[in-house]
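Colleague: Could you walk me through this model and show me how each label is earned?
Modeller: Happy to! Let's look at it together.

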Amino acid sequence: MTATTEASTGTAAAAAVDDRPMTHRQVMEALSGLLLGLFVAVLSSTVVSNALPHILTDLHGGQSAYTWVITAALLTLTASTPIWGKLSDLASKKLLLQIALLIYIGTSALAGLSQNTGELIACRALQGIGAGGVVALGQICLAAMVPPRERGRYSGYFGAVFALATIGGPLIGGVIVDTSWLGWRWCFYVGIPFALAAILVVQRTLKLPVVKRPVKIDYLGALVITAAVSLLMIWITLAGTNYAWLSWQTAVMVGGGLLLAALAVVVERRAAEPVIPPSLFKHRTVTLAAIASVLVGVGMYGATTFLSQYFQLAKDKSPTMAGLMTLPMIIGLALSSAVAGRLITKYGKWKAYLVSGTALLAVGFALLGTARVDTNYGLLSLYMAITGIGLGLTSQNLVLAVQNTVPRHELGAASSVVTFFRTMGGAMGVSALGALMTNKVGHYLAENLAAAHIPAGHAATGGGIPDLAKLPAPILPLVTDAFGHGVGTVFLWAAPFAALAFVTVLFIRETALRTSQQG
């Protein structure tokens, strides 16, 4: 037997071993590390929500900084996601995941040491790069471990953990800032021990085949895509506050962003190993899932951001209580994600959950749009539960639908595309809705002051987050009413995005879930 034949035989044998299905116990052991990493990565985006009023008071920041501390991490998370996904198709998924966790650890430590809002925003931007890798690679590793038909039951765990971190993060952040011997800096330190534990667990339990082929990284494509997304996000964050929506700045930034996006398409079509392969969008399911992900992302990130402001600035609750009051949404999201995952594995059907999930999301946002300062908490709980169930039925199943569509060698890029568009929608949604809320709160406050015959200067907050405890008694109800009405308006504007997501998923063609990893 020649050396070449022996090598071929050895390669075939290795492939056969690699393709052997993992047992349920092996999957759950490996999943423990992936879920731990996912928890801390998503937590990094949400733990600051309830703590931000305290953080910005300490660092002397205003409403624009409030939006940017959240948006900076989402921006880099979005931009880096397809790059991590493409790298996972070319190199060791396990090693990449551990590198992403190490980036998260280092940047979290730096964020906790920030002395002003500029430093904090910069550290959050770097933190988003690591978080983007962990979020994208978790789904990709799961796809490499189990076939689509079995993936539903495990995707349910991802959905539950995503729910816990997305909506539980504000509660954890609230408890931290309300605990005098901790302080807000621990919002960034708290995830570090869990990230270290995730690295160790992944090292011991995650056994995946290592890709052995030449790595060709599309640096130009990554640069152009990042620049296009970043420019559009910066525009939508600053428009309406730093300059008018219809202005020369808008024309330059939107025109530049669209030009870069068009250039990205040209670059990706010519690249040997494109970051986002254009061929993916030949699949109808991928294209529709990407559109739906943008629309769902607007609500997913907006819900936690603005509910936190509602409970603290309209209901005058502490950060801890503001987090506890979002529990109906957490429970709805976690339960619906877990139950839907098991039902999908049992029956092999998934489209019905996307349709019902986006419908419930639209209804939930519309109901939350009726929220005012005096809205009964029982009603708010029902509205939040409906919204949470909608999110639980939607987010993970969009990924599953795409993973079931594309060939195995494009799993990484395809999975990250869904996450990329969802996070992009979230970042742009938080920015745009944040600008809308600032405008509406100012408008409603001016109306309240005029009705009470109080000069506007008496309630000036300097564009910052108001400290309700320091407001004069006659002014306090006028401010809380303005924030209650403003947040309600934001959710009302978010509802049409969810309705468009509902229409989009109606056109996704359901295909039977594959029962093997081949394809």
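Modeller: Let's begin with His 453, which sits in the loop between helix H17 (411–451) and helix H18 (476–506). Keep in mind that this is a predicted model.

Colleague: Why is His 453 called exposed?
Modeller: Its relative accessible area is 73%, and exposed means over 50%, so His 453 earns the word.

Colleague: What makes the phi of His 453 worth a remark?
Modeller: Phi is near 60° there, a positive value in a residue other than glycine. Most residues other than glycine have a negative phi.

Colleague: And why is Asp 316 called partly exposed?
Modeller: Asp 316 has a relative accessible area of 45%. Partly exposed covers what falls between under 20% and over 50%, so the label fits Asp 316. This residue is in the loop between helix H12 (284–314) and helix H13 (319–324), and its phi, near 55°, is positive too.

Colleague: How do you know that Cys 187 is buried?
Modeller: Its relative accessibility is 4%, and buried means under 20%, so Cys 187 counts as buried. Cys 123, at 11%, is buried by that rule as well.

Colleague: How many disulfides does a search of the whole structure find?
Modeller: The search finds 0.

Colleague: What makes helix H6 largely enclosed by the rest of the structure?
Modeller: Of its 29 residues, 22 are buried, so the surrounding structure largely encloses H6.

Colleague: What caps the N-terminal end of H6?
Modeller: Asn 116 does: a side-chain oxygen of Asn 116 lies 3.1 Å from the backbone nitrogen of Gly 118.

Key
Residues are numbered from 1 along each chain as its sequence is written. This is a predicted model: local features need pLDDT of at least 70, side-chain atom pairs count only at pLDDT 80 or more; totals for chains, interfaces and linings use all residues. Side-chain values use heavy atoms; hydrogens and water are left out. Buried means under 20% relative accessible area, exposed over 50%, partly exposed in between (1.4 Å probe, protein chains only). Helices (H or I, at least four residues) and strands (E, at least two) are DSSP runs, numbered from the N terminus. A polar contact is a pair of N or O atoms within 3.5 Å; within protein, one must be able to donate a hydrogen and the other to accept it, and residues adjacent in sequence count only if both atoms are side-chain atoms. A disulfide is a pair of cysteine sulfur atoms within 2.5 Å.
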